[in-house]
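Here's a walk through a two-chain model, one topic at a time. Have the structure open while you read.

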Amino acid sequence: MDLAEARDCLPDYRLTQAIPAGAQGSVFRGTAPDGTDVVVKIVSGSWAERGEREIQALRLIRHPSIVRLVDYGSVTFRGQSLPFIATEFVGGENLRNELDAGTFDVSTAPLLIASLADGLDAIWAQRVVHRDIKPENTIVTPDGRGVLVDLGVARCLDMTTLTVGAGSPGTLGYMSPEQARGERNLTTKSDVYSLGVTAYEAVVGDHPFGRNQTAMLRASRAPLVPAQARCSPIVADMIGAMMELVPAMRPMPSDIVAALAGEVV
Amino acid sequence: MFLYNSMWAWNLPASTAPHGVVLHAVGCPLENAESRQAPTSRDRFILFDPDSYLWELDSETCGRAVKCLESYPWIPTMVERTALPSMTDEQVAAILGAAADWQKTRGVSRIILPTPLISESDQSVDEFLRWLDTAISVAAGLSPQSLIAVGVSEVAIRRHFDTILDHLTARRELPGIYIFAETSRSSGSVAVNQDVARMLLMASHFVGQRLGREVVVNFADTFGLACLAVGAAAFAGGYERKCRRLNFENFEERDGGGAFPKFFALGTTAYYRPEKDLQRIRDARLLRLLEGDRTASSAALFEALKAGGSARDVPTWRESRNNVAAAKAHLIERLCGATDELVALRPGPDRIAWVLEWLQNAELNVTYLGTRFEDAPLDDDGRHVRAWRASFESFIDEFELVV
């Protein structure tokens, strides 16, 4: 769906820009009828169920580290009813872009990690698992906090890293071992693992398994944060704990927040 | 704590003093249970197991047990059982509430909230997780504190336990757990499956020690001591087979009389017949291997054997049917003593070292006794200790627990 078609589908919205997206649908930036800056996602037919799931999850969650649901509903496009989701536009930069450009301020990593963990705590309080935590789905706000976007649905969106099929939604390079095995009943500990990989990348500047992300599937343990990384031992140890292979050994999100409280600048 | 599985006897013998008891619904029909005086939690730790994991017992072969179970309000009827997955959360909460309310009237120290047994590897854990979350909600308003039952069949552990443990440790509101393995598809008097041992150790360590929740292990026999060392608060066991491991066959009604007395030796983790085994051990000058297992209840037996006499000379240890009071009292004394010794140690390395020494020595003793009695083996060859020791060692290696 292009911008003009989207405008026809949502005449009450002032859509200004199409944002590159993947197979799951079309994404646009614009303004909602109430004047809120929003990102609107119109979910393609085969992804409708996931769109509904994201709406259900976002309706339950109110947290500064989770993108806020502004509106949702359905549009008719070429005779087909498609769900749409409007979330608040989050000012800041995508963490992936910052890492690739080398502009991420490592000294803010504890705040980024702690704020994202706090968001995970709020998600899990509703028994929801994000399942696709990665730099691409993280916005770094101007004050250094993290905001998670694309809750639950954008799992198979990313094509820049190796993405597994519909049977195991998520991005392989950031998946917990249990998620990669295709386990159905994941918990927040799976998101904690993904956050650990994201955090490692943020403080080290590289993915823990480099370009060979499939090695994660065979690894008996994730690499430790190197001693020369620009972070305190507390942060390094916490990242290591987050990437433990056994979920029970990983900290709960609230443990991460508590452990990093003294590290936040 | 060592808790005695008082399966059939509602009241404990006055002479014995375990740290606590676990009463079972399967052991006594509701009307009898309500008319009897229950032990009080003032002087003992009292649990009442709703035994909902026995829902699947066959009423044809286990008539007495099923009759007891079905007298309790939280045991669904056969029709309801087949509809378990379609029960609403409110119906599940009502079952849990009924189990909790009744336990409160009996003055228990903790309330056990039942959940469905995870009995097959190809079974989904969705239903268990639904009960878990409902039980957590019910537990929030309960006093005394609750323990949520977690029962997994030995054949389902490998497939499901990591997921279950993940969910247990990811729920801050979890009050505590009462965990056991169902081992009906194995033979022997104790559970020797290494998956079972690992599951119990993992639960004890991650839920007990790391999460700080109360973990009570049942049906693990003396392997419960190993669970205590890594984080469990208590373990339950007993004398009869049905109290030592959870095997559905043990609830079948068979012809035959009562049990014979058996002498429990922690030094070998085995049970010996006083006349048939202990006298032979004495004759081989190996009674010293069991000297550490002498208790007040078995002192007369030891004296008789050392004096060259026979267990027949000690009426309470004579090998006759149902003459088991002294053997039971000895077991309780021995396990309470061992538990006291273990928990007096510093949590962590010292307790782990105690268990390692116990299991390694027991394996050594069992191996030597096996060599000496190769031609006519003892009643209990104690071979399970090798699996227990291996499981414990691989657990402390896997999780780098310092000794």
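How many residues of domain 1 of chain B are in contact with domain 2 of chain B? There are 23, and they meet 26 residues of domain 2. Keep in mind that this is a predicted model.

## The two domains of chain B

Chain B splits into domain 1, covering 2-251, and domain 2, covering 263-398. Their centres, taken over C-alpha atoms, sit 27 Å apart.

On the domain 1 side of that contact, β1 (2-6), α7 (194-210) and α8 (224-229) of chain B each chip in at least two residues. Sorted by class, this side of domain 1 has 15 nonpolar residues, seven polar ones and one charged one.

## Helix α11 of chain B

Next stop is helix α11 of chain B, residues 299-306, where L301(B), F302(B), A304(B) and L305(B) are buried. Look down the axis of α11(B) and those buried residues fall within an arc of 165 degrees, so they line one face of the helix. The general background is simple: an α-helix has 3.6 residues a turn, so residues three or four places apart point the same way.

What do the buried residues of α11(B) pack against? Their partners are β9 (263-265) and α10 (274-283) of chain B. Over on the other side of α11(B), A299(B) and K306(B) are exposed. After the helix comes G308(B), with a positive phi near 90 degrees.

## Where the chains meet

Chain B puts 10 residues into its contact with chain A, and chain A puts in eight. On the chain B side, the largest share comes from helix α6 of chain B (residues 157-169), which supplies five residues. By class, the chain B side breaks down into five nonpolar, three polar and two charged residues.

## The sheet in chain A

Over in chain A, five strands make an open sheet with antiparallel pairing, in the order β1-β2-β3-β5-β4. Which strands sit at the edges? They are β1 (14-19) and β4 (69-77) of chain A, each of which pairs on one side only. Ignoring direction, neighbouring strands in this sheet are turned by 30 degrees against each other on average.

Two of the pairings can be followed residue by residue. Strand β2 (residues 25-31) of chain A runs antiparallel to strand β3 (residues 37-43) of chain A, and seven bridges join them; T31(A) stands opposite D37(A) in β3(A). Likewise, β4(A) and strand β5 (residues 80-88) of chain A are antiparallel, with eight bridges between them, and V75(A) stands opposite L82(A) in β5(A). The hairpin of β4(A) and β5(A) has two residues between the strands, and R78(A) there takes a positive phi near 50 degrees.

## P253 of chain A

Is P253(A) buried or exposed? P253(A) has 26 other C-beta atoms within 10 Å, and the cut-off for buried is 20 or more, so P253(A) counts as buried. P253(A) lies in helix α8 of chain A, residues 253-260.

Leaving out residues up to four places away in sequence, P253(A) touches A117(A), D118(A), L120(A), D121(A), W124(A), T188(A) and V192(A). For a sense of distance, try R145(A): 108 residues separate R145(A) from P253(A) in sequence, and the two are 15 Å apart in space, C-alpha to C-alpha.

Definitions and conventions
Residues numbered from 1 in each chain as written. Chains lettered and ligands numbered in written order. Predicted model: local features only at pLDDT ≥ 70, side-chain atom pairs only at ≥ 80, totals over all residues. Contact = placed C-beta atoms within 7 Å. Helix = DSSP H or I, 4+ residues; strand = E, 2+ residues; numbered from the N terminus. Nonpolar A, V, L, I, M, F, W, Y, C, P; charged D, E, K, R; others polar. Buried ≥ 20, exposed ≤ 12 C-beta atoms within 10 Å, placed from the backbone. Arc of directions from axis to C-beta. Pairing = 2+ DSSP bridges. Axes fitted to C-alpha atoms, helices over the stretch in contact; angles between N-to-C directions. Domains from an automatic or database assignment.
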